[in-house]
Amino acid sequence: MAPRRPPKKRRIRDATTVPAAASDALLSLPPEVLDEILGRLDLSDAVRTCALCRAWRHRWESLPSIDIYTPIGQQSLWTVDCVLPRFSGRVRRFDVSLDELSTRRLDDWLLVLSPRGGVEDLELSPPCPYKFFSLHSTVFSWRRLISIDLFACHIPPLPPDFEGFPNLKVLSLANVKLQQNGEYQLEEIIETSPLLEQLILCEVCIVGDDFIEWEIRATNLRHITICSNIDYGWNFAELQCLNSAVIDLWEYVGNRDFAKFLAGLVQVRKLSLCSFYAPVNGIKILETLPCTFDNLKSLKLFMHFCELPPILLVFCFLRSTPNLEKLKIRIYDGKEQKIEANGELLNAQWTDGMCANLQILEMTVTCGRASAQAQILFQGAAGSY
């Protein structure tokens, strides 16, 4: 009987052979192709490529640019402190959710970024429940900025050598605090940002009691949002490209010329206005607007029908919007009814051709006498199309 042959030994490949070969194949690609591949990875994944082999240990550090993004729940302190010292290139995006520890390091990070020309997209916010953080003034020297999004921070005064943001397209400030005369600071930032397309000012707080009227002047602006329960004296000028606006002003507009305020939005195509308009201190009730909103196609109004001024304001808009196609009104009925707007009063405000192009009409109203008065108004609007 022939002796049995011993079984052949299977060749066991080194577990590191395949990934090493793959990494070597990647390294053979042109540098610009390799940069494109690494640039499409999340920052954390790009950093992990240093574990592939010795040749990859520092490869991510030579990328032309990176994005630093730390969403809520991640350790911002560890991520930024590990990346910034090793990467000497350009940081395009710096989007950091600040906890207590990272807030203490924020000034150091911004100062490290300044010699590199700053960033293009800056977004800083604390997690909820939030505590205000302070922004370093070095940010005002970042002329490459395209987008600024700040939430719950103290904004320092402008430095004397401030030259503006020539590339800025988006400015969003929510729950931020500015020092006294901060309205002039906002005016200068906006006016020295010639490419600004989107402006959001939500619950901005300016220290002080007296505010002189100033202008939001932005010739390239496409959208504006203003939400405030304090009159900081703002008006609009030269908004030729304005497409949409959201204005939430509650009751503050009673002390000054509301018609002038609205006239600054004359180019808008889509407008949402929340205002419990009630003039005081001898200010004349608004009965006509000094301009015609020829471009306005969509209008949303949120107001009450408990006093005469807001009722007349609705008619002012309807008479001044000949091309209006979509109208939505939300009636708030939480105030004491001070006037009984009967059919005779409302019919006297109606004019021929009003709402001639109206296609969509929606009304949201709570129960009460104000809702009945609103229905009289809408019966006239509904009958016109």
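Biologist: What makes strand β1 (residues 65–70) and strand β2 (residues 90–97) count as a pair?

Modeller: Two strands pair if DSSP finds at least two bridges between them. Six bridges join β1 to β2, and the two run parallel. Asp 67 stands opposite Arg 93 in β2. Helices and strands here are DSSP runs numbered from the N terminus (helices: H or I, at least four residues; strands: E, at least two). The model is predicted, so local features need pLDDT of at least 70 and side-chain atom pairs count only at pLDDT 80 or more, whereas totals for chains, interfaces and linings use all residues. Residues are numbered from 1 along each chain as its sequence is written, and side-chain values use heavy atoms, with hydrogens and water left out.

Biologist: Which residue of strand β3 (residues 121–125) stands opposite Arg 93, and how many bridges join β2 to β3?

Modeller: Arg 93 stands opposite Asp 121 in β3. Five bridges join β2 to β3, which run parallel.

Biologist: What makes β4 (133–134) and β10 edge strands?

Modeller: Four strands form an open sheet in the order β4-β6-β8-β10, with parallel pairing. β4 and β10 each pair on one side only, and they are the edge strands. Two bridges join β4 to β6, and Phe 133 has Cys 153 in β6 as its bridge partner.

Biologist: How do you know which side chains of strand β17 (residues 326–331) are buried?

Modeller: The test is relative accessible area (1.4 Å probe, protein chains only): buried means under 20%, exposed over 50%, and partly exposed in between. In β17 the side chains alternate. Leu 327, Ile 329 and Ile 331 point to one face and are buried, while Lys 326, Lys 328 and Arg 330 point to the other and are not. Strand β16 (residues 298–303) is joined to β17 by six bridges in a parallel run, with Leu 301 opposite Ile 329. β17 also pairs with strand β18 (residues 360–365) in the parallel sense over six bridges, where Leu 361 is the bridge partner of Leu 327.

Biologist: Why does Ala 152 count as buried, and what is its phi?

Modeller: Ala 152 has 0% relative accessibility, and therefore counts as buried. Its place is in the loop between β5 and β6 (153–155). Ala 152 has a positive phi of about 60°, although it is not a glycine. Most residues other than glycine have a negative phi.

Biologist: Why is Glu 238 called partly exposed, whereas Ile 212 is called exposed?

Modeller: Glu 238 has 40% relative accessibility and so counts as partly exposed. This residue is found in the loop between β13 (234–237) and β14 (244–250), and its phi is also positive, near 55°. Ile 212 has a relative accessible area of 55% and is therefore exposed. Ile 212 lies in the loop between β10 (205–206) and β11 (214–217). The C-alpha atoms of Ile 212 and Glu 183 are separated by 8.5 Å, with their positions 29 residues apart along the chain counted as the distance apart.

Biologist: Why is the largest nonpolar core said to lie between two domains?

Modeller: A nonpolar core is a set of buried Ala, Val, Leu, Ile, Met, Phe, Trp, Tyr and Cys residues joined through side-chain atoms within 4.5 Å. The largest has 94 residues; Phe 94, Leu 124, Leu 150, Ile 216, Leu 265 and Phe 317 have the most contacts inside it. Helix α8 (residues 308–319) gives the largest share of this core, seven residues. Domain 1 (29–63) and domain 2 (72–383) both give residues to this core, so it lies between them. The domain bounds come from an automatic or database domain assignment.

Biologist: What makes a space a cavity or a pocket, and how many cavities of 30 Å³ or more does a search find?

Modeller: On a 1 Å grid over the protein atoms alone, a cavity is a set of points where a 1.4 Å probe fits but cannot get out; a pocket is an open set with protein on both sides within 12 Å along at least five of seven lines, and lining residues have an atom within 4 Å of a point. Points are joined across faces, edges and corners, and a volume is the space filled by probe spheres set on them. The search of the whole structure finds one such cavity, with a volume of about 110 Å³. Its lining has 13 nonpolar residues and no polar or charged ones.

Note on methods
Ala, Val, Leu, Ile, Met, Phe, Trp, Tyr, Cys and Pro count as nonpolar, Asp, Glu, Lys and Arg as charged, and the others, Gly among them, as polar.
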